Every structure is written in structure tokens, then in C-alpha cells.
Amino acid sequence: IIGALILVPVLYAVRTVRWDMFLHSVGITLPFLKSFRILLIGNFYGLITPGRVGEIGRAYHLSEKKVVTVPTIIMEKIVDISSLVILSLLTIVIYFQNNLLIQTGIFLCGIAMILGMFILTNRKLVFSIMRFFGIGYEECDQFTQNFRKLLCNYPLVGKSFLLSLLYYSINYLIGYFVILSAGFNPITLLTLPIIILMGNIPFTISGLGLRESIGSLSFIYLGDTAANGFVYAFLLFILITVIPGIFGYLFTLREKKNKK
């Protein structure tokens with residue numbers, strides 16, 4: 001467990017570099033530690049919202065216009081989800097070929113991501129949603145233009161995807177340490193991308209319950225127990241999300257205090 005904890009800051013350092021790449025592409029340069037701190041704050045916001053949508057709150061800790069910063073956060077999330085979908089599909093092809101429930105869940109996640117990208121690149125659809133929040137057509141137009149530029153920057157997307165593979169390689173290593181500490185069947189490590197992906201579905205706060213249910217189901221399918229699957233999914237959540245989220249909460253309080 002100590003080994004897993006040591007890797008968590010490395011995990012978020014890689015993710016910070018990935019987000020910084022998108023920020024640099026729109027002309028925003030931040031000190032690494034500031035980006036790291038804002039990322040942890042966004043993680044805290046994501047922790048207390050369904051599907052981690054609260055991570056967009058990072059934009060409110062940047063002085064630049066939201067129509068510029070929010071697309072970078074969304075793109076970072078899209079690359080993240082895309083990586084999880086691909087890794088989950090590989091796991092399904094190898095071990096879950098006959099599990100219709102898990103296959104359907106991954107398929108729906110992929111469709112939702114594609115549909116989301118289509119909506120975000122269509123200024124009329126974006127405006128039809130954002131007008132309820134008092135956001136004008138001109139701002140929506142700027143948002144879609146900035147999002148399209150990021151989405152069509154293929155070298156940038158390719159580099160961020162490679163960083164995502166490094167990011168999830170570290171996740172796998174953390175998961176392996178958890179399995180070693182608890183004495184689970186090592187083959188269950190392959191359930192990691194499916195468990196994390198399901199935790200991003202906006203059904204419950206931070207995916208609580210859904211993620212653990214998928215963990216239990218996956219473990220049963222691989223010949224382990226439902227209880228072990230629940231514990232594995234919950235420990236991953238504590239290590240990868242909750243502990244960094246606590247630091248994000250402390251940074252949020254500190255910024256609030258400094259503003260006063």
C-alpha cells in the first residue's frame with residue numbers, strides 16, 4: 001500500500017504535464033506546481049459531483065477566459081476517457097467476450113463520448129444548451145472554435161494519448177500493488193480500466209456504488225469473489241481519487257483564505 005501511495009503523486013504529475021500541453025497550445029503557460037495544485041483542486045470538485053463533471057471547475061482558478069480554458073479541460077478528459085475505452089476493449093476481447101453487460105457498458109461509454117464531441121463542435125447545439133446559463137452566442141462560437149482547434153491538432157492529441165498510456169501504466173502498477181497487498185488473483189488486474197471507466201458514468205456522486213458493483217461483477221467472472229472485487233474497486237478509488245481530492249480540498253481552502 002505504501003508503494004501504491006508513493007506512485008500517486010507521480011500519477012498526477014503525468015496528468016499535469018498532459019493538461020499543460022493543452023494549455024500551452026492555447027497560449028497559456030503556468031508554473032508546473034500551480035498547474036499541479038489546480039489539477040488537485042479540480043479532482044476535489046470531481047470527487048463531489050456525478051461523473052466527475054466538477055473537474056471543469058479548474059477553469060475558475062485560472063485568470064484567462066473560460067471559453068479558452070474550459071476546452072483544454074474537456075479535451076484532457078476526452079483523451080482520458082478514450083484511453084480507458086481502448087484499454088477496456090482490449091480487456092473485453094481477451095477475457096470478457098461473453099459478458100454482454102460489461103460489453104454494453106463500454107459500448108455506451110464510447111457512443112456517449114462521440115456524441116459529446118459532436119455536440120461540443122456544433123455552435124448551435126452548444127448555444128441551445130448554454131443560453132439557459134446566460135451565455136451568449138458569441139461566447140459559444142468562441143468556445144466551439146477553440147475546442148475544434150484542439151480536437152484537430154492531431155500531433156497534440158497523439159502526444160497526449162501517449163502520456164495517457166504512461167498515466168494508466170502507473171495506474172496498473174498501483175492496482176498491482178493493491179492486489180499484492182490483499183492477496184487477490186493477479187489476473188484481476190485487467191479489470192482496472194473497466195472499473196475506472198464505469199466510475200466516470202454520471203449516475204452517482206463520483207461513481208460510488210456503480211464502480212464497486214462493476215468490480216464485484218468482473219471479479220466473479222474471473223473466478224474471484226464479489227467481496228474482493230468490491231474491496232479492490234474501493235481501494236483504487238481511495239488511493240487514486242479520494243486522497244488526492246483531500247489535498248485538493250485543502251488547496252481550495254487555502255486559496256479562499258488568501259483571497260480574503
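Tutor: Before we look at this predicted model, let us agree that contact means heavy atoms within 4.5 Å. With that in hand, the buried residues of α6 pack against α1 (2-25), α3, α4 (100-120), α5 (123-130) and α7.

Student: Which residues of α6 are buried?

Tutor: In α6, the buried residues are C140, D141, F143, T144, N146, F147 and L150. As for their spacing, an α-helix has 3.6 residues a turn, so residues three or four places apart point the same way.

Student: How do you know that the span of helix α6 agrees with what its 15 residues should give?

Tutor: The expected span is 1.5 Å times one less than the number of residues, so the 15 residues of helix α6 (residues 137-151) should span 21 Å, and because its end C-alpha atoms are 21 Å apart, the two values agree.

Student: Why is T191 called buried?

Tutor: A residue counts as buried under 20% relative accessible area, and T191 has a value of 0%, so T191 is buried. T191 is placed in the loop between α7 (154-182) and α8 (192-198), and, leaving aside residues up to four places away in sequence, T191 touches F96, S218, F219, L222 and Y232.

Student: You named F219 and Y232; why is their ring pair called tilted?

Tutor: Rings pair if their centres lie within 6.5 Å, and planes that are neither under 30 degrees apart nor over 60 count as tilted. The centres of F219 and Y232 are 5.4 Å apart and their planes stand at 40°, so this pair is tilted. Because F219 lies in helix α9 (residues 210-221) and Y232 in helix α10 (residues 226-259), the pair ties together parts that are 13 residues apart in sequence. Both F219 and Y232 are buried.

Student: What makes F44 and Y45 a tilted pair?

Tutor: Their ring centres are 5.8 Å apart and their planes are at 45°, so this pair is tilted too. Ring pairs also link F44, Y45 and Y249 into a cluster.

Student: How do you know that the charged end of R58 sits over the ring of W19?

Tutor: The distance must be within 6 Å of the ring centre, and the position within 35 degrees of the ring normal; the charged end of R58 is 4.7 Å from the centre of the W19 ring and sits over that ring.

Student: Which residues have the most contacts inside the largest nonpolar core?

Tutor: They are I106, I174, L197, M198 and Y232, in a core of 67 residues. The largest share of this core, twelve residues, comes from helix α3 (residues 66-95).

Definitions and conventions
Residues numbered from 1 in each chain as written. Predicted model: local features only at pLDDT ≥ 70, side-chain atom pairs only at ≥ 80, totals over all residues. Heavy atoms only, no water. Phe/Tyr/Trp six-rings, centres within 6.5 Å; stacked < 30°, edge-to-face > 60°. Helix = DSSP H or I, 4+ residues; strand = E, 2+ residues; numbered from the N terminus. Buried < 20%, exposed > 50% of the residue type's maximum accessible area, 1.4 Å probe, protein only. Core = buried A, V, L, I, M, F, W, Y, C linked by side-chain atoms within 4.5 Å.
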